[in-house]
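Student: Let us go through the cysteines, the nonpolar packing and one acidic side chain. Please give the cut-offs as we go.

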Amino acid sequence: MTSAFSFKPLQLPSSLEPLRQEARTFLTEAAKDWSGWKVGHSWTGFDREFSREVGKRGWIGMTWPKAYGGHERSGLERYVVVEEMLAVGAPLGAHWFGDRQSGPLLLRLGTEAQRQRFLPLIARGEASFCIGLSEPDSGSDLASLRSRATRVEGGWRLNGRKVWTTNAHLCDFMIGLFRSGGQADAEKHKGLSQFLIDMSASGIEVRPIHDLTGEAHFNEVTFDNVFVPDDMLVGREGDGWAQASGELAFERSQPDRYMSSFPLLPLTIDALRGAGTDDRLASRRLGEAVAELAVLREMSLSIVGQLQEGHSPAKEAALVKDLGNLHEQRMPDLVRELLDCPSSIDADDRLSELQAFLVQNVPSFSLRGGTREILRGIIAKGLGLK
């Protein structure tokens with residue numbers, strides 16, 4: 001049987017070890033006072049000061065041309081830094097989406113003016129982006145979106161709603177997908193366009209969506225005759241579906257799709273060592289978790305290599321995201337199985353506080369970036385089963 005999925009092995013060279021140690025030294029100092037609650041937010045945590053500090057070190061826009069504020073480093077160098085950030089639960093949210101998604105999209109398809117204006121701001125950690133895709137009436141069928149962009153003199157008027165928009169209440173800009181032509185029922189994948197939207201524009205209302213923790217990093221965003229100038233169209237009018245689909249390969253294959261719960265793992269190992277017990281079952285269960293993590297890491301690295309070669313490994317990224325979410329969501333259960341660890345908010349116990357946050361938050365992991373059902377549909381198509 002010939003596999004429809006390609007996961008060519010990719011080895012990180014030893015020459016990247018100094019960069020890893022540099023990032024680890026910086027993060028050890030930065031993270032020493034972080035609570036378990038803050039660590040639990042990981043890449044959704046929003047901290048502009050931290051992002052600006054990361055930008056000063058050249059760790060945002062690492063692979064971008066220097067002409068746009070980037071540093072012309074390799075995708076593997078970026079991967080190393082991202083791994084170290086996620087391993088400690090660093091608050092990346094103020095720059096994460098711009099660095100991972102919006103910046104690369106503008107680099108590939110944006111106008112020269114858009115690149116000159118936005119990319120240096122992202123690279124310095126001074127501009128935060130959110131992603132406007134999902135809609136209340138579309139469910140998991142993104143292509144059925146009904147939010148509309150209507151051409152007017154000098155630009156477009158946007159009307160409609162976006163939902164599950166992470167950190168929309170805090171971000172400066174959104175790249176949103178709107179229907180600029182055609183009908184949602186008859187031509188779902190046609191007539192879609194992407195726009196750069198200033199979140200301070202008149203007519204935008206952001207409503208919080210509270211989760212079990214009582215917080216609201218998800219939002220519903222309403223657009224009521226929001227004007228967007230012509231020069232804020234991203235790419236070509238009507239090509240939005242292909243553009244957004246390509247963008248999702250960057251979103252679904254990154255280490256954040258299997259490392260959101262990672263900080264629990266070393267804390268659990270330390271707690272078991274501190275207890276001085278020799279529990280063979282616990283060792284086996286931890287070994288299984290580490291083995292899963294190692295496999296996911298190899299798959300993710302392979303996709304990084306494919307992206308660097310100019311490929312768009314959408315089905316491979318869907319597989320990594322689905323398996324990675326399962327791994328992330330099982331981690332709090334593993335802690336409950338191995339430790340007498342209360343899931344309580346206790347500032348003096350980072351493990352318990354982190355566990356408390358993740359128990360409440362991990363159900364959302366298989367929602368963000370594409371629901372499990374949609375991902376498995378993509379995987380089934382890749383296998384020729386659909």
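Tutor: A disulfide is a pair of cysteine sulfur atoms within 2.5 Å. This is a predicted model, in which local features need pLDDT of at least 70, side-chain atom pairs count only at pLDDT 80 or more, and totals for chains, interfaces and linings use all residues. Residues are numbered from 1 along each chain as its sequence is written, and side-chain values use heavy atoms, with hydrogens and water left out.

Student: Why is the sulfur of Cys171 in no bond with that of Cys130?

Tutor: The structure holds zero disulfides. Cys130 is buried (under 20% relative accessible area; exposed is over 50%, partly exposed in between; 1.4 Å probe, protein chains only), with a value of 0%. Cys171 counts as buried too, at 8%. The closest cysteine sulfur to that of Cys171 is in Cys130, and this is too far for a bond because the distance is 4.6 Å.

Student: Which residues touch the most other members of the largest nonpolar core?

Tutor: A nonpolar core is a set of buried Ala, Val, Leu, Ile, Met, Phe, Trp, Tyr and Cys residues joined through side-chain atoms within 4.5 Å. The largest has 91 residues, and those touching the most other members are Phe50, Trp59, Met85, Leu158, Phe195, Ile197 and Phe223.

Student: Which side chain is joined to that of Glu84 by a polar contact?

Tutor: Glu84 lies in helix H4, residues 75–87 (a DSSP run of H or I, at least four residues, numbered from the N terminus). Glu84 is buried at 7% relative accessible area. A polar contact is a pair of N or O atoms within 3.5 Å, one able to donate a hydrogen and the other to accept it within protein; residues adjacent in sequence count only if both atoms are side-chain atoms. At 2.7 Å, the partner of Glu84 is Arg20.

Terms used: Helices (H or I, at least four residues) and strands (E, at least two) are DSSP runs, numbered from the N terminus.
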